[in-house]
Amino acid sequence: MEKKAFVELFSYFGIYFLLNDIFYIMLYGDEKMTKILFCDMDGTLYNHGSVYSKKDFEAIRKFRAAGNIFAVCTGRNKMGVTHLGNDEPLEYDYMCLCNGALIMDNKEHTYFEKVIPGNIGNEIMLKYYDKDNVSVYCTDGERNIQYKEDILGEFGPTGPIDINGTFEEQINTCSKYFLIALDSIHRDFDLITSMQTEIAAKYGQYVEMFPNKSAAWCCVDIVPSDCSKGQSIQRLIDLAGLEVDGIYAIGDSYNDISMLDVADQGYTFNRADDVIKTHGKCVDFVYEAIEEIMSK
């Protein structure tokens with residue numbers, strides 16, 4: 001090829017790619033289009049501690065590798081995410097913990113936190129902890145205490161921790177709570193809604209509550225006021241200064257409804273309750289949702 005022809009050809013392709021870039025920027029802006037997915041954990045990625053599908057975790061890695069953002073959005077506290085105790089690593093960019101009461105990145109930098117005052121949390125738990133068919137769990141961000149069927153326990157990064165004293169003595173050492181859960185041991189959802197109504201009447205200015213019903217549990221999650229998974233979505237995006245093209249969410253239970261409704265597209269599961277199914281597109285596995293999101 002003659003030098004002149006080569007230069008002309010090079011110039012032609014240079015102009016082509018320049019015009020292509022200009023049109024792309026006009027349509028989409030000068031930043032790469034980034035999607036963010038908010039994903040529940042229990043009942044979504046995990047089933048009684050086991051994974052639903054290894055393909056879910058492979059899809060998450062591909063999603064992030066493509067420049068997208070993956071955030072876990074869970075009722076678990078920090079330890080429940082950072083110390084999973086299974087062989088399938090979960091990669092994530094952000095954590096929306098305790099149903100939105102605590103928001104952190106994967107380096108544990110805190111963007112947002114709000115707590116239930118210790119005295120209010122203690123009043124709530126002491127009203128119900130010794131009732132028949134009720135177990136109590138609470139976390140202040142460091143300690144994870146449970147009282148179930150007259151057995152007092154605490155959970156650390158490596159498993160159960162032996163503790164002495166009474167439940168009342170243990171919680172009196174806590175000055176705040178990110179989350180309190182009241183569980184019906186025998187899965188009585190009417191009991192859960194009854195406790196929720198009583199607590200709302202007296203402590204509604206301090207707390208938000210989310211009933212949860214699944215094959216694994218039947219409980220009400222109690223978190224600080226103005227906190228929910230849905231609210232954590234916009235808080236994270238604003239506080240972390242994220243620029244995203246699409247917001248997606250996937251979850252299986254009642255405490256996921258707020259984030260399914262806030263997202264541009266919510267996903268839930270064919271196994272979820274019928275009420276949940278009205279708030280999102282149904283899939284069988286997380287990886288199916290991710291494949292669809294990445295194809296958009």
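Q: How do the residues that line the largest pocket divide into nonpolar, polar and charged?
A: In this predicted model, the lining of the largest pocket comprises 17 nonpolar, 20 polar and 13 charged residues. Gly counts as polar in this division, whereas Tyr and Trp count as nonpolar.

Q: What is the volume of the largest pocket, and which residues are closest to its centre?
A: The largest pocket has a volume of about 1400 Å³, and of the 50 residues that line it, Asp42, Gly75, Arg76, Tyr137 and Trp217 are the closest to its centre.

Q: Which elements give two or more residues to the lining of the largest pocket?
A: Among them are helix H3 (78–82) and several strands, including S2 (46–47), S9 (134–139), S10 (144–148), S15 (207–213) and S16 (218–224). Strand S14 (179–184) is also one of these elements, and the largest share of the lining, four residues, comes from S14.

Q: What makes S4 largely enclosed by the rest of the structure?
A: A residue is buried when its relative accessible area is under 20%, and five of the five residues of S4 meet that condition, so the strand is largely enclosed by the rest of the structure. Both of its faces are covered, with Ile69, Ala71 and Cys73 buried on one side and Phe70 and Val72 buried on the other. In a regular strand, side chains alternate between the two faces of the sheet.

Q: How do you know that S4 pairs with S1 and with S5?
A: Two strands pair if at least two bridges are found between them. Strand S1 (residues 35–39) is joined to strand S4 (residues 69–73) by four bridges, and these two strands run parallel, while S4 and strand S5 (residues 94–97) pair over three bridges, also in the parallel sense, so both pairs satisfy the condition of at least two bridges. Across from S1, Leu37 stands opposite Phe70 and Cys39 stands opposite Val72, and Val72 in turn stands opposite Met95 in S5.

Q: Why is one side of S7 and of S19 left without a neighbour in the sheet?
A: Eight strands form an open sheet in the order S7-S6-S5-S4-S1-S17-S18-S19, with mixed pairing. Strand S7 (110–113) and strand S19 (281–283) stand at its edges and have a single partner strand each, so one side of each lacks a neighbour in the sheet. On average, neighbouring strands of this sheet are turned by 20 degrees against each other, direction ignored.

Terms used: Residues numbered from 1 in each chain as written. Predicted model: local features only at pLDDT ≥ 70, side-chain atom pairs only at ≥ 80, totals over all residues. Heavy atoms only, no water. Axes fitted to C-alpha atoms, helices over the stretch in contact; angles between N-to-C directions. 1 Å grid on protein atoms, 1.4 Å probe; cavity = no way out; pocket = protein on both sides within 12 Å on 5 of 7 lines; lining within 4 Å. Points joined across faces, edges and corners; volume = space filled by probe spheres on them. Buried < 20%, exposed > 50% of the residue type's maximum accessible area, 1.4 Å probe, protein only.
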